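Reader: I'd like to go through this one with you and ask why things get the labels they do. Could you show it to me and start with how the pieces are named?

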Amino acid sequence: MTCYSSHMKILAIETSCDETGICILENKDNSEIQILGNALASQVELHAKYGGVFPAMAKRAHAEKFVSLLIEALEQANMLILNESDLSDQEIGKIKNLTIKESGLTDSIIEFFVKYKKPDLDYIAVTTGPGLEPALWVGINGAKVLSTIWNTPIIPINHMEGHIITAALGKIEEKIYKIGDLNSPALSLLVSGGHTELVLTDAFGTYKKIGQTRDDAVGEAFDKVARMLGLPYPGGPAISKLAQKYRESHLEVPSWGELPRPMLHSGDYDFSFSGIKTAVLYAIRDHGELSEEDKMALASSFEDAVVEVLIKKTIAAAEEYHTQTIIVGGGVASNTYLRSQLKQKVEDKLSGTTLLFPEPWLATDNAIMIGMAAMWQIISDNINAQDSELIKADGNLSINSAK
Ligand code: KG4
Ligand code: ZN
């Protein structure tokens, strides 16, 4: 019999890149998890102007949004209760110390504590890596302040584990999910703006990376190619839309737009995407001005190349390791072409293998994925709460045996 604690309420925080997320989750007797509140602020418009994410700007935007998202999530969960009470000088001193580098957060969070009562929460989960360190620190220091004032322990979470567990969520009803049992061994293809990796797992909590990108992440390549084509940031959805339109009326890409498949036959599970990106640059240079149709052709050619490499390596790894489940996680997991092509390949070559994708609204960064990873620890009675003082950001935090 599984032993787990139910009716635990947690608040989860995600600030690893360009989405600020805060949510509140509760687990029920039957290990179902309810989303009580969920607030998300995207910095996409801010970064769109520059075609990418600048860490210092991302950090400031996270700090500015933190308290309003906290209030929004608590309000949705009916946990925002007015209570005019003063903080002690000692508490104010601690808050100031913890937020010394988070300008914009100190005053707003002090005001928050003065105005609202301590909510009924058992844990605070926060992303500690991988990601942009200045951005990660906002969530971590925010969590530390909440933990100190509310006397609530912190569970540090690996962002990539959040992406994996999110793909295994089964929807029970609106806002209620269950973390599915893992038919193992499982293989996760993690594809985001910062990562491209293949990870083996026998059970949630133990992971082994078997391959990764040697240069650009696949999402990063989408973003850079989009920029070359004059498309908005983030590039993934924009390229995907053009590519789909092109495929509706064409079977092949024109020869001037053909692109290489780097490392397709390298015999390992590593990837490289900077070569495809450079090839797009040369194709544009050699072709001259691009018509709308030309842009669609290049978008489609780029998506073909990237998806082919991702699928080939994923299928080869699944065959070698006899995996029962293939999980796709990260922002690029919402790419419809990758989804349909991989589904087709798995049906053709690996029938019987379960293929799991996150719901599209949970594929890109959010706090629910972080809360779900913490809930898995609670449900499996394997809670890895840590002393607040020891928790720090690690931009390169590895997935290997993440707790
Ligand atoms: O996981 P995520 O939200 O943030 C990181 O942890 O990086 O992933 C963001 C990345 C961006 O590079 C974005 O262009 C890409 O995911 N992306 C897509 C799609 N939606 C988002 N790439 C391809 N097709 C999509 N539909
Ligand atoms: Zn992510």
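Author: Sure. Helices (H or I, at least four residues) and strands (E, at least two) are DSSP runs, numbered from the N terminus. With those names, Pro185 sits in the loop between β7 (176–179) and β8. Bear in mind that this is a predicted model.

Reader: What makes the peptide bond between Ser184 and Pro185 cis?

Author: The omega angle there is about 0°. A cis bond also joins Tyr233 to Pro234, with omega near -5°. Pro234 belongs to the loop between α7 and α8.

Reader: Why is Thr99 called buried?

Author: Buried means under 20% relative accessible area. Thr99 has 1% relative accessibility, so it counts as buried. You'll find Thr99 in the loop between α3 (89–98) and α4 (106–115). Setting aside residues up to four places away in sequence, Thr99 touches Leu105, Thr106 and Val145.

Reader: Val346 and Thr336 are in which helix?

Author: Val346 is in helix α11 (residues 336–349), and Thr336 is in helix α11 too.

Reader: Then why is Val346 given one label and Thr336 another?

Author: Val346 has 5% relative accessibility, under the 20% cut-off, so Val346 counts as buried. Thr336 has 46%, which lies between 20% and 50%, so Thr336 counts as partly exposed.

Reader: What does each of them touch, leaving out neighbours within four places in sequence?

Author: Val346 is in contact with Ile315, Ile326, Ser351, Thr353 and Leu355. Thr336 touches Ser240 and Gln244. As for spacing, Val346 and Thr314 are 32 residues apart in sequence and 9.8 Å apart in space, C-alpha to C-alpha. For Thr336 and Pro237, the figures are 99 residues and 9.3 Å, again C-alpha to C-alpha.

Reader: On to the ligand. How do you know that Gly219, Ser334 and Asp365 make polar contacts with ligand 1?

Author: A polar contact is a pair of N or O atoms within 3.5 Å. For Gly219, a backbone N or O atom lies 3.1 Å from an oxygen atom of ligand 1, so that pair qualifies. A polar side-chain atom of Ser334 is 3.3 Å from a nitrogen atom of ligand 1, so that pair passes as well. For Asp365, a side-chain N or O atom is 2.9 Å from an oxygen atom of ligand 1, so it passes too. On its own, ligand 1 has 560 Å² of accessible area, and the protein covers 90% of that.

Reader: Which residues come nearest to ligand 1, and which helices help form the shell?

Author: There are 19 residues around ligand 1, and the nearest are Gly193, Asp223, Gly331, Asn335 and Asp365. At least two shell residues come from each of α6 (159–167), α7 (218–228) and α8 (235–249). The space that ligand 1 takes is the largest pocket.

Reader: Which residues of α7 are buried, and what do they pack against?

Author: The buried ones are Val218, Gly219, Ala221, Phe222, Asp223, Val225 and Ala226. They pack against β8 (186–191), β9 (196–203), α8, α9 (274–287) and α10 (292–320).

Reader: Last one: what makes Ser31 and Asp381 worth flagging?

Author: Neither is a glycine, yet Ser31 has a positive phi of about 65° and Asp381 has one of about 55°. Ser31 lies in the loop between β2 (19–27) and β3 (32–42); its relative accessible area is 13%, under 20%, so Ser31 is buried. Asp381 lies in the segment after α13 (368–379); at 44%, between 20% and 50%, Asp381 is therefore partly exposed.

Technical notes
Residues numbered from 1 in each chain as written. Chains lettered and ligands numbered in written order. Predicted model: local features only at pLDDT ≥ 70, side-chain atom pairs only at ≥ 80, totals over all residues. Heavy atoms only, no water. Buried < 20%, exposed > 50% of the residue type's maximum accessible area, 1.4 Å probe, protein only. Contact = heavy atoms within 4.5 Å. Near = heavy atom within 4 Å. Polar contact = N/O pair within 3.5 Å; in protein donor to acceptor, adjacent residues only side chain to side chain. Areas by Shrake-Rupley, 256 points an atom, 1.4 Å probe, with all protein chains shown as cover. 1 Å grid on protein atoms, 1.4 Å probe; cavity = no way out; pocket = protein on both sides within 12 Å on 5 of 7 lines; lining within 4 Å. Sits in = over half its atoms within 2 Å of the grid points.
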